[in-house]
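Here's a quick walk through one model, with notes on the places to click on first. Pull it up in your viewer and follow along.

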Amino acid sequence: ESETAQLRLATSTLAEDLISRVKNMETIQFARGISLVTNLERIADSIELDTPAITEVQTPSLPDAQLLSLSPAELSRKVRNQLREMFRFSKKRK
């Protein structure tokens, strides 16, 4: 399973969790969570492995510079681990 697929699965799980808890959440907290889901979906779309690597895109001002300090795969791994940790913490609080 690719990092992109894992990120999409984690994002879907987060969305389902937020929706299941909507009655017990403040509106602003729910809005922030759904915003996070939307941003993670966009990140997953942008790091498809069959697209050019984001870290290798040249910029006019810095042709040899990288746009991201982490590769898309490393970034998705980091986000996935943070989501897992967030779910572990929320399950412990129940």
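## Ser-46 in helix H2

Ser-46 is partly exposed, with a relative accessible area of 35%. That value puts Ser-46 in the middle class because it falls between the 20% and 50% cut-offs. You'll find Ser-46 in helix H2. Its C-alpha atom is separated by 9.2 Å from that of Thr-4, and the two residues are 42 residues apart along the chain.

## How far to trust it

Keep in mind that this is a predicted model. The mean pLDDT of the protein chain is 76, with 68% of the residues at 70 or more. Confidence is highest in helix H1 (residues 3–20), where the mean is 88, and lowest in helix H3 (residues 72–93), where the mean is 73. As a general caution, coordinates should not be read in detail where pLDDT is low.

## The overall layout

The protein chain has three helices and zero strands, so there's not much to untangle in the pattern by the definition used for helices and strands: read along the sequence, it goes α-α-α. Of the contacts with a separation of 6 or more, 57% are between residues 24 or more positions apart.

As for the surface, the protein chain exposes about 7000 Å², and carbon and sulfur atoms supply 54% of that. Buried residues make up 22% of the 94 residues.

## The nonpolar core

Which residues make up the largest nonpolar core? There are twelve: Leu-7, Ala-10, Leu-14, Ala-15, Leu-18, Val-37, Leu-40, Ala-44, Ile-47, Val-79, Leu-83 and Phe-87. H1, helix H2 (27–46) and H3 each supply at least two residues of this core, and H1 gives the most, with five. The general background is that nonpolar side chains tend to be buried together in soluble globular proteins.

Leu-40 is a good core residue to zoom in on. It is found in helix H2, and it counts as buried because its relative accessibility of 4% is under the 20% cut-off. Leaving aside residues up to four places away in sequence, Leu-40 touches Leu-7, Thr-11, Leu-14, Val-79 and Leu-83. Of these, Leu-7, Leu-14, Val-79 and Leu-83 also belong to the core listed above. Measuring C-alpha to C-alpha in your viewer, you should get 7.8 Å between Leu-40 and Arg-8, which are 32 residues apart in sequence.

## Two arginines to click on

Arg-80 lies in helix H3. Is Arg-80 buried or exposed? Arg-80 counts as buried, because its 9% relative accessibility is under 20%. Its side chain makes a polar contact with the side chain of Gln-6, at 2.4 Å. Beyond residues up to four places away in sequence, Arg-80 touches Glu-3 and Gln-6.

The other one is Arg-21, which takes part in the one salt bridge that the structure holds. Its partner is Asp-17, and the side chains meet at 3.1 Å, N to O. In general, side chains of opposite charge can pair when their charged atoms come close. The two partners sit on either side of the 20% cut-off for burial: Asp-17 counts as buried at 19% relative accessibility, whereas Arg-21 is partly exposed, with a relative accessible area of 22%.

Terms used
Residues numbered from 1 in each chain as written. Predicted model: local features only at pLDDT ≥ 70, side-chain atom pairs only at ≥ 80, totals over all residues. Heavy atoms only, no water. pLDDT = per-residue confidence, 0-100. Core = buried A, V, L, I, M, F, W, Y, C linked by side-chain atoms within 4.5 Å. Buried < 20%, exposed > 50% of the residue type's maximum accessible area, 1.4 Å probe, protein only. Contact = heavy atoms within 4.5 Å. Areas by Shrake-Rupley, 256 points an atom, 1.4 Å probe, with all protein chains shown as cover. Salt bridge = Lys/Arg side-chain N within 4 Å of Asp/Glu carboxyl O. Polar contact = N/O pair within 3.5 Å; in protein donor to acceptor, adjacent residues only side chain to side chain.
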